[in-house]
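Colleague: I would be grateful for a close look at one part of this model, namely how its helices pack and how that packing relates to the nonpolar core.

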Amino acid sequence: MTADRAHAVIDLNADLGEGVGDDESMLTIVTSANVACGFHAGTPAELLATCRAAVEKGVRIGAQVSYPDRAGFGRRFMEMTSHDLIADLVYQIGALEAIAKSVGGTVSYVKPHGALYNTVVHHEQQADAVITAIRDVDPGLAVMGLPNSEVLARAERAGLPIIVEAFADRAYTPEGILVPRTQPGAVLSDSDEIARRVVDLATSGRLRAIDGSVIDVSADSICLHGDTPGAVEHARAVREALAAAGVVLEPSEPGKR
């Protein structure tokens with residue numbers, strides 16, 4: 001995020017290639033696509049089609065890696081050795097890189113999915129495994145994650161570029177972390193409210209937490225979930241509100257903070 005909020009640049013990303021939601025419509029709205037790698041969702045044919053469509057629309061491609069948990073859509077924590085987790089992640093990144101290359105695209109960043117995403121906010125061993133896998137495949141790949149997370153701290157120490165992310169339709173605690181989906185109010189459903197929150201975030205770096213307090217939230221990219229009810233309507237409202245506020249919509253350059 002630039003220091004000059006009046007000329008803010010923000011990236012809009014969404015989880016795609018999962019076989020759910022309206023990927024075609026979302027690709028006309030977002031500037032980055034977190035493409036599933038098959039371990040939590042997505043078939044090879046779906047991933048190929050998603051990467052092809054992203055290339056055609058000029059949308060940046062990221063690999064969304066997960067625990068091997070198709071039955072649970074990657075939303076269940078798994079205790080894994082570093083050796084096994086690294087191998088699974090290298091496999092996923094490599095597969096998506098080959099798919100993207102076959103349609104004239106490239107993978108620019110890696111974003112963990114679901115339970116893995118939440119786990120590496122604080123879990124040192126798994127955060128280390130994620131960074132090791134990414135570095136071993138390509139140290140030029142950026143890492144997308146929450147601010148102040150273990151995984152981004154380790155990415156910076158390893159010299160990897162980072163993309164700091166916030167969520168358009170998720171409630172935050174006063175401590176600046178996501179409210180668990182199991183709690184009431186964790187997922188927002190009003191398009192106008194979501195759009196207002198994103199504009200506030202992009203222009204001021206602040207959000208209202210679930211208890212009403214105002215918190216600082218840094219972000220280079222904002223996630224628009226593609227598999228929730230009304231997802232496309234939410235995403236369009238967000239894009240239109242950001243454009244009206246003068247916010248530039250494009251993939252922000254990954255940085256080292």
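Modeller: The account below takes up the core and then two helix pairs.

This is a predicted model, in which local features need pLDDT of at least 70 and side-chain atom pairs count only at pLDDT 80 or more, while totals for chains, interfaces and linings use all residues. Residues are numbered from 1 along each chain as its sequence is written, and side-chain values use heavy atoms, with hydrogens and water left out.

A nonpolar core is here a set of buried Ala, Val, Leu, Ile, Met, Phe, Trp, Tyr and Cys residues joined through side-chain atoms within 4.5 Å; buried means under 20% relative accessible area, exposed over 50%, and partly exposed in between, with a 1.4 Å probe and protein chains only. The largest such core has 80 residues, and Leu96 and Leu242 have the most contacts inside it. Helix α3 (residues 82–102) gives the most to this core, with 7 residues. Helices are DSSP runs of H or I with at least four residues, numbered from the N terminus.

Leu96 touches Val35, Ala36, Cys37, Leu47, Cys51, Ile61, Gly62, Ala63 and Val107, leaving aside residues up to four places away in sequence. Contact means heavy atoms within 4.5 Å.

Leu96 also takes part in the first helix pair: Leu47, Leu48 and Cys51 in α2 meet Leu96, Ile99, Ala100 and Ser102 in α3. By class, this contact of α2 with α3 has 6 nonpolar, 1 polar and no charged residues; Ala, Val, Leu, Ile, Met, Phe, Trp, Tyr, Cys and Pro count as nonpolar, Asp, Glu, Lys and Arg as charged, and the others, Gly among them, as polar. Helix α2 (residues 44–57) packs on α3 at an angle of about 50°, with the axes 9 Å apart. Axes are lines fitted to C-alpha atoms, for helices over the stretch in contact, and angles run from 0 to 180 degrees between N-to-C directions.

In the second pair, helix α7 (residues 191–204) and helix α8 (residues 231–244) pack at an angle of about 40°, their axes being 8 Å apart. The contact involves Ser191, Ile194, Ala195, Val198, Val199 and Ala202 of α7 and Glu233, His234, Ala237, Val238, Ala241 and Leu242 of α8. These residues divide into 9 nonpolar, 2 polar and 1 charged. Ala202, which lies in helix α7, is buried, with a relative accessible area of 0%. Ala202 and Gly72 are 130 residues apart in sequence and 33 Å apart in space, C-alpha to C-alpha.

Notes. Helix = DSSP H or I, 4+ residues; strand = E, 2+ residues; numbered from the N terminus.
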